[in-house]
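Work through the exercises below with the structure at hand. Each task is followed by a solution in steps.

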Amino acid sequence: MRPKVAIAYNEPDISRYTGYGEEKAIVGVLDEVEAVELALAESGYPSTRIPLTSPIEKVQKMLRATQADVIFNLFEGFEGRPETEAEVGTIIAGLGIAYTGCPPAALALALDKATVKKLLSGTGVRTPRHQALHPDNLADFKLSFPCIVKPINEDASHGITEKSVVHNLDDLDRQVRAVAVHYGGRSLVEEFLDGREFNATVVGNREPVALPVSEIVYTLPAELPKLLTFASKWEPESIYYRNTEAVCPANIDDELRQQISETARTAYRLVGCRGYARVDMRLDAEGIVNVLEVNPNPDISPTSGA
């Protein structure tokens, strides 16, 4: 008898993202659930859906009620509370049954972008110069413009727009304050690299393997910064969506492909990933691969692209 699989995910709900026009990233989990459900069915594995809802205290009861042999973990966090992704991961890991994806420690670590940056740079992996800033410590700013400002504990490009790239202190102040107001915390501010952008999905446990490298190709007007904004992922009518394309496999030589793949595997191991994760990277002015982010349990729906 084939094992019974339960697909655990967060039931889309009204949250702070709705007020910012960013609810599409939350609803998008349903596309991922449908794709996984179909793939399992085509492979002959029966599955059931577990739409998890808050409060978090009832999650364990909901999961145990399925009597599943394997949990396919697509949970991304409750209602504008990204930290609950790792909290639910801890509950799943404590059930004593098999589950897909990264362990809760990796989920929690990756959500703290500044700590991941420190870990990477401390072990020789190149990453852009960066600082964790809040309106109260802007006087400590020591980087070189242009910089990109993003919420320090968010994913799915929440809070990322063309205004996120700043060129002076006034713009920096504006954007750091906006992040503090809308996302309730510090900003990760890093020097903006304008080189080619790549990502690689890494799969496996003891001997992780990097899948074919993908390049994010931008055909934006010159006045717009080349970056993966929220619109580029979730708003099909936007100029960013229409002019951002994931090309896989990337059109690169073998030497660069090897550098990107090895960097991705190294970052994967350092963060403690398992199962699968995506590593986002850019080239600096010297053509050296820099890690931007490590994304455990990324979106695996067919149209995710990046």
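The model is predicted.

**Exercise 1.** Find the bridge partner of isoleucine 148 in β7, then place both strands in their sheet.

Solution.
- Step 1: Isoleucine 148 has valine 165 of β7 as its bridge partner.
- Step 2: Strand β6, residues 147-151, is joined to β7 by 2 bridges, and the two run antiparallel.
- Step 3: The open sheet has 4 strands, ordered β5-β8-β6-β7, with antiparallel pairing.
- Step 4: β5 (130-133) and β7 (165-166) are the edge strands, each pairing on one side only.
- Step 5: Helix α8 (residues 169-183) packs on this sheet and touches β5, β6, β7 and β8 (187-191). The direction of α8 makes about 10 degrees with that of β6.

**Exercise 2.** Decide whether glutamate 215 is buried or exposed.

Solution.
- Step 1: The relative accessible area of glutamate 215 is 9%.
- Step 2: Buried means under 20%, so glutamate 215 is buried.
- Step 3: Glutamate 215 belongs to strand β11, residues 214-218. Because 4 of the 5 residues of β11 are buried, the strand is largely enclosed by the rest of the structure.

**Exercise 3.** Identify what surrounds glutamate 215, leaving aside neighbours within four places in sequence.

Solution.
- Step 1: The contacts are Arg196, Glu197, Phe198, Glu245, Ala246, Val247 and Ala250.
- Step 2: With arginine 196, the side chains make a polar contact at 2.8 Å.
- Step 3: Phenylalanine 198 stands opposite glutamate 215; strand β9 (residues 197-204) pairs with β11 in the antiparallel sense over 3 bridges.
- Step 4: Strand β12 (residues 244-247) pairs with β11 over 4 bridges, also antiparallel. There, glutamate 245 of β12 stands opposite valine 217.

Methods: Residues numbered from 1 in each chain as written. Predicted model: local features only at pLDDT ≥ 70, side-chain atom pairs only at ≥ 80, totals over all residues. Heavy atoms only, no water. Pairing = 2+ DSSP bridges. Contact = heavy atoms within 4.5 Å. Axes fitted to C-alpha atoms, helices over the stretch in contact; angles between N-to-C directions. Buried < 20%, exposed > 50% of the residue type's maximum accessible area, 1.4 Å probe, protein only. Polar contact = N/O pair within 3.5 Å; in protein donor to acceptor, adjacent residues only side chain to side chain.
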